[in-house]
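Colleague: I am new to this structure and would like to understand the words used for it. Could you take me through them?

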Amino acid sequence: MHCWTLLIHVLSGMLFLAGIIHLVCLGRTQAPYGRYLGVFYSTTMPRTVPARLAWFIQELPSLLVPVLMTTMTTSHRESNIGTLLLLGTFCLHYFQRTCVYSVMTRGRPLPLRVMVQGGMFCILNGFAQSHYLLHCACYNSTWTSDCRFVIGSTLFLLGMAINIHSDYLLRNLRKQGEVVYKIPKGGLFEYVSGANYFGEIVEWLGYAIATWSMTGFSFAFCTLCFIGPRALHHHRYYHNTFKDYPQSRKALIPFIF
């Protein structure tokens with residue numbers, strides 16, 4: 001398969017645009033799931049899907065699309081180790097989200113509309129990242145020792161560790177069946193309210209640096225615009241709900257913001 005350069009540029013532009021639109025439209029409110037569900041649907045509740053099933057269905061395309069594309073590609077040309085490692089980092093994140101996080105989450109049901117929109121995003125982004133890495137990127141044999149790959153991969157793994165550990169801490173705040181919210185403690189939650197979001201942002205920033213591509217940076221930017229404001233809203237929620245919430249704790253970036 002040839003590189004569809006124009007399509008990749010369009011999809012990258014759509015990611016940038018989606019991030020900006022989301023930032024503008026949801027700067028003051030938040031996406032209607034989790035603790036914010038009642039804010040949007042105070043009278044009639046929407047159709048919802050159990051959290052575990054919803055997260056599994058929503059995240060699955062970002063794992064299946066690159067796996068299927070890699071399978072079809074290897075029969076036509078040999079991919080270099082740099083390409084496979086970079087695509088592997090993408091798949092590693094979504095394997096964790098699809099096969100681990102979705103099974104262990106104790107979150108509230110997701111509105112069907114949110115799940116479908118998330119699934120569509122995962123399909124398009126999964127295709128964009130996979131097609132670029134498999135058919136457009138040109139990494140030489142020394143790319144894995146390039147400082148961009150080393151720094152980016154390190155940031156990716158560090159961010160993923162923060163994200164997984166923060167999700168573990170959040171999950172264990174509740175007993176099975178509980179829906180109450182409590183003050184997160186431990187790990188980076190001692191410094192920021194959105195430690196799990198901070199970890200994911202660091203992940204995709206590292207991925208963007210390691211791929212050194214517009215496709216990767218557009219995804220990292222889109223991630224920042226989608227979950228950065230959510231961390232800020234969580235921060236405000238905690239301060240408004242808990243009088244003893246730590247005043248020194250920042251919203252998203254330790255010691256800064």
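Modeller: Gladly; what follows goes through the disulfide, some single residues and two helix pairs.

Modeller: This is a predicted model, in which local features need pLDDT of at least 70 and side-chain atom pairs count only at pLDDT 80 or more, while totals for chains, interfaces and linings use all residues. Residues are numbered from 1 along each chain as its sequence is written, and side-chain values use heavy atoms, with hydrogens and water left out.

Colleague: Thanks! How do you know that Cys3 and Cys136 form a disulfide?

Modeller: A disulfide is a pair of cysteine sulfur atoms within 2.5 Å. The sulfur atoms of Cys3 and Cys136 are 2.0 Å apart, so the pair meets that limit. A search of the whole structure finds 1 disulfide. The link of Cys3 and Cys136 is right-handed, with 100° about the S-S bond. Cys3 lies in the segment before α1 (5-25) and Cys136 in helix α5 (residues 112-136), 133 residues apart. Helices here are DSSP runs of H or I with at least four residues, strands are runs of E with at least two, and both are numbered from the N terminus.

Colleague: Why is Cys136 called buried or exposed, and what about Cys3?

Modeller: Buried means under 20% relative accessible area, exposed over 50%, and partly exposed in between, with a 1.4 Å probe and protein chains only. Cys136 has 18% relative accessibility, so Cys136 counts as buried. Cys3 has 28%, so Cys3 counts as partly exposed.

Colleague: What keeps Cys91 and Cys147 out of the disulfide count?

Modeller: For Cys91, the nearest cysteine sulfur is that of Cys99, 11 Å away, and Cys91 is in no disulfide. At 16% relative accessibility, Cys91 counts as buried. Cys147 is in no disulfide either, as the nearest cysteine sulfur, that of Cys138, is 19 Å away. Cys147 has 52% relative accessibility, so Cys147 counts as exposed.

Colleague: How do you know whether Asn125 is buried or exposed?

Modeller: Its relative accessible area is 1%, so Asn125 is buried. Asn125 is found in helix α5. Leaving out residues up to four places away in sequence, Asn125 touches Leu15, Phe90 and Phe219, where contact means heavy atoms within 4.5 Å.

Colleague: And what makes Thr48 buried, exposed or partly exposed?

Modeller: Thr48 has 39% relative accessibility, so Thr48 counts as partly exposed. Thr48 sits in strand β1 (residues 48-49). Its contacts, apart from neighbours within four places in sequence, are Pro109, Leu110, Pro111 and Leu112. Thr48 and Pro109 are 61 residues apart in sequence but 5.7 Å apart in space, C-alpha to C-alpha.

Colleague: Now the helices. Why are α4 and α6 called roughly parallel or antiparallel?

Modeller: Helix α4 (residues 81-104) and α6 pack at an angle of about 5°, with their axes 11 Å apart. Angles under 35 degrees count as roughly parallel, over 145 as roughly antiparallel, 65 to 115 as roughly perpendicular and the rest as oblique, so α4 is roughly parallel to α6. Axes are lines fitted to C-alpha atoms, for helices over the stretch in contact, and angles run from 0 to 180 degrees between N-to-C directions.

Colleague: What makes α6 roughly parallel or antiparallel to α7?

Modeller: The axes of helix α6 (residues 147-171) and helix α7 (residues 195-211) come within 7 Å and cross at roughly 160°. That angle makes α6 roughly antiparallel to α7.
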